[in-house]
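Here are some exercises to work through with the model open beside you. Try each task on your own before you read the solution below it.

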Amino acid sequence: MSVIFQELESALYGEKSPNIAKTLKVIGTLFIIQGNLAEAKIYLNRALTIFEARGMLKMLKEVKQKLKMVQ
């Protein structure tokens, strides 16, 4: 389900939009809750890349904190 939503959002906003990064962060967080740390790391790293490119410091900080949880 999340893949379909992510594809629709990518088509609407673009692959590198802050909206996509926020969705990736949420998906990563859900994987943390489920205990699937490998998947969480993948989604959080993708969000991190977008937030860094956009200079979104608050979101960048939040993602870095979550990444500490999965390492």
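**Exercise 1. The overall fold**

Task: Find how many helices and strands the protein has, and in what order its elements run.

Solution:
- Start with the count: this predicted model has four helices and zero strands.
- Then read the order from the N terminus on, which gives α-α-α-α.
- Next, look at burial: of the 71 residues in the protein, 38% are buried.
- For the contacts, take those with a separation of 6 or more; residues 24 or more positions apart account for 47% of them.
- Finish with the outside: the protein exposes about 4,700 Å², and carbon and sulfur atoms supply 60% of that area.

**Exercise 2. The nonpolar core**

Task: Work out which residues of the largest nonpolar core touch the most other members, and which element gives the largest share.

Solution:
- The largest nonpolar core has 18 residues, and L24, F51, V63 and L67 touch the most other members.
- Two or more residues of this core come from each of α2, α3 (37–54) and α4.
- The largest share is that of α3, with seven residues.
- Now pick one of the well-connected members, V63: setting aside residues up to four places away in sequence, V63 touches K25, L44, A47, L48 and F51.
- As background, nonpolar side chains tend to be buried together in soluble globular proteins.

**Exercise 3. Salt bridges**

Task: Identify the salt bridges, and decide for K25, K58 and E62 how they are joined.

Solution:
- The count comes to two salt bridges.
- One of them is between the side chains of K25 and E62, at 3.1 Å from N to O. This pair links distant parts of the chain, since K25 is in helix α2 and E62 in helix α4 (residues 57–70), 37 residues apart.
- K58 also forms a salt bridge with E62, and here the closest N and O atoms are 4.0 Å apart. Both K58 and E62 lie in helix α4, four residues apart, which is about one turn of the helix.
- Put the two together: salt bridges with shared partners join K25, K58 and E62 into one network.
- Now compare the burial classes. K25 has 13% relative accessibility, so it counts as buried, because the class requires under 20%. E62, at 24%, is partly exposed, while K58 is exposed at 63%.

**Exercise 4. An aromatic pair**

Task: Classify the ring pair of F31 and Y43 as stacked, tilted or edge-to-face.

Solution:
- A pair of aromatic rings is described by the distance of the centres and the angle of the planes.
- The count comes to one aromatic pair. The rings of F31 and Y43 have centres 5.5 Å apart and planes at 35°.
- Planes under 30 degrees apart would be stacked and those over 60 edge-to-face, so the F31 and Y43 pair is tilted.
- The partners sit in distant parts of the chain: F31 belongs to helix α2 and Y43 to helix α3, 12 residues apart.
- Check accessibility too: F31 is buried at 16%, and Y43 is buried at 10%.

**Exercise 5. I32 and I33 in helix α2**

Task: Decide whether I32 is buried or exposed, then do the same for I33.

Solution:
- I32 is found in helix α2 (residues 18–34), and I33 lies in helix α2 as well.
- I32 has a relative accessible area of 16%, so I32 is buried.
- At 66% relative accessibility, I33 counts as exposed.
- Look at what surrounds I32: leaving aside neighbours within four places in sequence, I32 is in contact with L37, A40, L44, K66, M69 and V70. With V70, 38 residues apart along the chain, the C-alpha separation is 7.4 Å.
- I33, by contrast, belongs with V26 and L30 to a nonpolar patch on the surface, and together they have about 310 Å² of accessible area.

**Exercise 6. A loop residue**

Task: Locate S17 and list its contacts beyond four places in sequence.

Solution:
- S17 is placed in the loop between α1 (2–13) and α2.
- With 6% relative accessibility, S17 counts as buried.
- Apart from neighbours within four places in sequence, S17 is in contact with I50 and R54.

Technical notes
Residues are numbered from 1 along each chain as its sequence is written. This is a predicted model: local features need pLDDT of at least 70, side-chain atom pairs count only at pLDDT 80 or more; totals for chains, interfaces and linings use all residues. Side-chain values use heavy atoms; hydrogens and water are left out. Buried means under 20% relative accessible area, exposed over 50%, partly exposed in between (1.4 Å probe, protein chains only). Contact means heavy atoms within 4.5 Å. A nonpolar core is a set of buried Ala, Val, Leu, Ile, Met, Phe, Trp, Tyr and Cys residues joined through side-chain atoms within 4.5 Å. Rings of Phe, Tyr and Trp (its six-membered ring) pair if their centres lie within 6.5 Å; planes under 30 degrees apart count as stacked, over 60 as edge-to-face and the rest as tilted. Patches are made of residues with over 30% relative accessible area and no salt bridge: like charges are joined within 9 Å, nonpolar side chains (Val, Leu, Ile, Met, Phe, Trp, Tyr) within 5 Å. Accessible areas come from the Shrake-Rupley method with a 1.4 Å probe; for residues, only the protein chains shown count as cover.
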